[in-house]
Amino acid sequence: RAEQCIMASTSISKKRKFVADGVFYAELNEFLTRELAEDGYSGVEVRTTVFRTEIIIRATQTQKVLGEKGRRIRELTAVVQKRFNFAEGAVELYAEKVQNRGLCAVAQCESLRYKLLGGLAVRRACYGVVRYVMESEARGCEVIVSGKLRAQRAKAMKFLDGYMLKTGNPSKVYVDTAVRHVKLRQGVLGVRVSIMRPHDPYGKMGPKELQPDVVTILEPKEDIKA
């Protein structure tokens, strides 16, 4: 209904509306990724109501995102409002804490990026991330680092643990993936972290829906003799 109101007021086609929403989300996500990288930025959600647009920033360190007495979040709100031509009070930014950062690919990818920038050995940094993810009750984890790791010749290193889906719809539902670029002195490294989340019937730690190949065997009912 909110979408209908927006479309009626601005009178743009549905196709253009979805494209405009996608461009807005992509630019907002890129801006927040650059601005809040050190504060454990883990994604953004945009909710549009009739009266205003709510932007929920997910991060591991919400206190740093809010800033002293909420100063930083107000600054971010002003920047977003000015850039995207929102009316006064038409956009609101909120910070939400990530429940389990071990199951968030973006948080782990940023963590690995800062480890590599700090000069930690690639193998040690990657195994540290994989171990932390698996200790957070993930079903599987995969870390790929490619680029000029030691010698001048570029190569890729892959670190795996647990169970990982690669194809089909369950891979879209269960696997959380993030990619980052690490600018080192010898060149740029590409980092990809994929986390296979566990099934959660409440939908908090992982997806609600079961995998299609999981078979639940029920106990047979006892025969009641007449």
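## Close-up views of a predicted model

**View 1. Serine 194 in its buried setting.** With a relative accessibility of 6%, serine 194 counts as buried in this model, which is predicted. The residue has its place in strand S7, and its side chain makes a polar contact of 3.4 Å with the side chain of threonine 177. Leaving aside residues up to four places away in sequence, serine 194 touches Gly140, Cys141, Glu142, Met164, Val175, Asp176 and Thr177.

**View 2. The open sheet of four strands.** The strands of this open sheet follow the order S5-S4-S7-S6, and their pairing is antiparallel. Strands S5 and S6 are the edge strands, each of them pairing on one side only, and from one strand to the next the twist averages 10°. S6 and S7 pair in the antiparallel sense over 10 bridges, and within this pair valine 182 stands opposite leucine 189 in S7. Helix H5 packs on the sheet, where it touches S4, S6 and S7, and the direction of H5 makes about 20° with that of S6.

**View 3. The largest nonpolar core and a second, separate one.** The largest nonpolar core has 28 residues, and those with the most contacts inside it are Leu112, Leu116, Val143, Val145 and Val191. At least two residues of this core are supplied by each of helix H5 (105-117), helix H6 (122-135), strand S4 (140-147), strand S5 (155-162), strand S6 (175-184) and strand S7 (187-196). Valine 145 may serve as a point of entry to this view: not counting residues up to four places away in sequence, valine 145 touches Leu112, Val122, Cys126, Lys155, Ala156, Met157, Leu189, Gly190 and Val191. A second core, separate from this one, has 15 residues, among them Leu28, Ile73, Val91 and Leu93.

**View 4. The open sheet of three strands and its hairpin.** This open sheet has the order S1-S2-S3, and its pairing is mixed. S1 and strand S3 (91-97) stand at the edges with a single partner strand each, so one side of each is left without a neighbour in the sheet. The twist in this sheet averages 20° from one strand to the next. Strand S1 (residues 41-48) and strand S2 (residues 53-59) pair in the antiparallel sense over seven bridges, and these two strands form a hairpin with four residues between them. Two of the pairings can be followed residue by residue: the bridge partner of glycine 43 in S2 is arginine 58, while that of valine 44 is isoleucine 57. Helix H4 (residues 71-83) lies across S2 and S3, and H4 runs at about 135° to S3.

**View 5. Cysteines without a disulfide partner.** A disulfide is a covalent bond between the sulfur atoms of two cysteines, and with a cut-off of 2.5 Å between sulfur atoms the count of disulfides in this model comes to zero. For cysteine 104, the closest cysteine sulfur is that of cysteine 109, and because the distance is 9.9 Å, the two are too far apart for a bond. Cysteine 141 is likewise in no disulfide, the nearest cysteine sulfur, in cysteine 126, being 9.4 Å away. Both residues count as buried, cysteine 104 at 10% relative accessibility and cysteine 141 at 0%.

Conventions. Residues are numbered from 1 along each chain as its sequence is written. This is a predicted model: local features need pLDDT of at least 70, side-chain atom pairs count only at pLDDT 80 or more; totals for chains, interfaces and linings use all residues. Side-chain values use heavy atoms; hydrogens and water are left out. Two strands pair if DSSP finds at least two bridges between them. A nonpolar core is a set of buried Ala, Val, Leu, Ile, Met, Phe, Trp, Tyr and Cys residues joined through side-chain atoms within 4.5 Å. Buried means under 20% relative accessible area, exposed over 50%, partly exposed in between (1.4 Å probe, protein chains only). Contact means heavy atoms within 4.5 Å. A polar contact is a pair of N or O atoms within 3.5 Å; within protein, one must be able to donate a hydrogen and the other to accept it, and residues adjacent in sequence count only if both atoms are side-chain atoms. Axes are lines fitted to C-alpha atoms, for helices over the stretch in contact, and angles run from 0 to 180 degrees between N-to-C directions.
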